[in-house]
Amino acid sequence: MDHQELEEGAEKVKLLGIWSSPYVVKVTWALRIKCVVYDYIEEDLRNKSNLLLECNPMHKKVPVLIYQGKPIAESDVIIEFIDDVWKDSGHHILPEDPYERAMARSWSKFGLDKLSPLIWKWFTTQGKEQEDAYEAAMEQPLVLEKVLHENKFFGGEMIGFVDLSLGSLSYVIPIYEDITGVRMITSDKFPWLPAWMEGFLGLPLVKEHLLPLDKLWPRYQSIREAFLSK
């Protein structure tokens, strides 16, 4: 490939993604915070485009942001890039204080490395294995409760880096709960998280760019059935 696709319309901002990805949607939310105009390109990961393969040769995954003809991969890296490039538009996504910035990155990593895998294991197992996964998963939101406490969002009065990183849980967990018939996040166990989830989903920029829940529900149900049939 001779870079022609990247060079054409290099001034345009482009986002390569797939409709069902929580990593893509959090980049979309970040772009909306900054009021960035961009072109969205839907990818088929079963038949990856030459553009995607050239833009992300290391992982060959979405999301990929193309800015001035240059590709940036990995959702959290992209969000930090967006916050830096459009620093004078919208509000800051990452805190300005170096310590607070470091802590925001740490809590994002906590969600990715600790919380999400345990919730996924609970959702895709059954019997004793599921019970054990549930108990282990329930310990993690307690940690987030202490961080959130009485704040409206993890970013304070406005959503920030941690809110974007954990935002997909606000719609994924209720889907998992509906499918399994087991409630995980309840106000009696977690005083602050349910209000955060409701407040996050109620934001116009989130609602306007939320993944289609009517398509996600059967998708996750099929995935769970496939895991349980193994």
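In the predicted model, a polar atom of the E42 side chain lies 3.0 Å from the backbone nitrogen of W19. The E42 side chain also makes a polar contact of 2.4 Å with the side chain of Y40. E42 belongs to strand 2 (residues 39–42). Apart from neighbours within four places in sequence, E42 is in contact with G17, I18 and W19. Its relative accessible area is 39%; because this value falls between the limits of 20% and 50%, E42 is classed as partly exposed. Between E42 and F123 the C-alpha to C-alpha distance is 27 Å, and the two residues are 81 positions apart in sequence.

Confidence was examined along the chain. The mean pLDDT is 92, and 95% of the residues score at least 70. Among the elements of the chain, strand 1 (residues 14–17) has the highest mean pLDDT, 98, whereas helix 1 (residues 4–7) has the lowest, 44. The pLDDT is below 50 over residues 1–9, a stretch that has 15 contacts in the model beyond near neighbours in sequence. Predicted coordinates should not be read in detail where pLDDT is low.

Three backbone features were found in loops. The peptide bond joining V62 and P63 is cis, with omega of about 5°; P63 lies between helix 3 (50–55) and strand 3 (64–67). In the loop between strand 3 and strand 4 (70–73), Q68 has a positive phi near 50° and is not a glycine. Q68 is partly exposed, at a relative accessible area of 40%. E74, likewise not a glycine, has a positive phi of about 75°. This residue is located in the loop between strand 4 and helix 4 and is partly exposed, with a relative accessible area of 39%.

An unreviewed UniProt entry lists residues 97–222 as "domain: GST C-terminal". This span is 71% helix and 0% strand, and its end C-alpha atoms lie 44 Å apart. At the N-terminal end of helix 5, D97 acts as a cap, with a side-chain oxygen 3.1 Å from the backbone nitrogen of Y99. Helix 5 (residues 98–123) has 26 residues, so a span of 38 Å is expected at 1.5 Å a residue; the end C-alpha atoms are 36 Å apart, in agreement with this figure. A kink of about 35° is nevertheless present in helix 5, centred on G111. G111 is itself buried, and the buried residues of helix 5 also include R101, W107, F110, W122 and F123. The buried residues of this helix pack against helix 4 (75–85), helix 6 (127–148), helix 7 (161–166), helix 8 (169–180) and helix 11 (213–228).

Helix 8 was considered next. Its twelve residues reach 16 Å from the first C-alpha to the last, close to the expected 16 Å. Ten of the twelve are buried, and helix 8 is therefore largely enclosed by the rest of the structure. Among these buried residues are L169, Y171, I175, Y176, E177 and T180. Packing partners of the buried residues of helix 8 are helix 2 (22–33), helix 5, helix 6, helix 7, helix 9 (193–202) and helix 11. Just after helix 8, G181 takes a positive phi of about 75°.

Terms used: Residues are numbered from 1 along each chain as its sequence is written. This is a predicted model: local features need pLDDT of at least 70, side-chain atom pairs count only at pLDDT 80 or more; totals for chains, interfaces and linings use all residues. Side-chain values use heavy atoms; hydrogens and water are left out. pLDDT is the predictor's confidence in each residue, from 0 to 100. Helices (H or I, at least four residues) and strands (E, at least two) are DSSP runs, numbered from the N terminus. Contact means heavy atoms within 4.5 Å. UniProt positions are given in the numbering used here, feature names are shortened, and annotations may be inferred rather than shown by experiment. The expected span of a helix is 1.5 Å times one less than its number of residues. The bend at a residue is the angle between axes fitted to the seven residues ending there and the seven starting there. Buried means under 20% relative accessible area, exposed over 50%, partly exposed in between (1.4 Å probe, protein chains only). A polar contact is a pair of N or O atoms within 3.5 Å; within protein, one must be able to donate a hydrogen and the other to accept it, and residues adjacent in sequence count only if both atoms are side-chain atoms.
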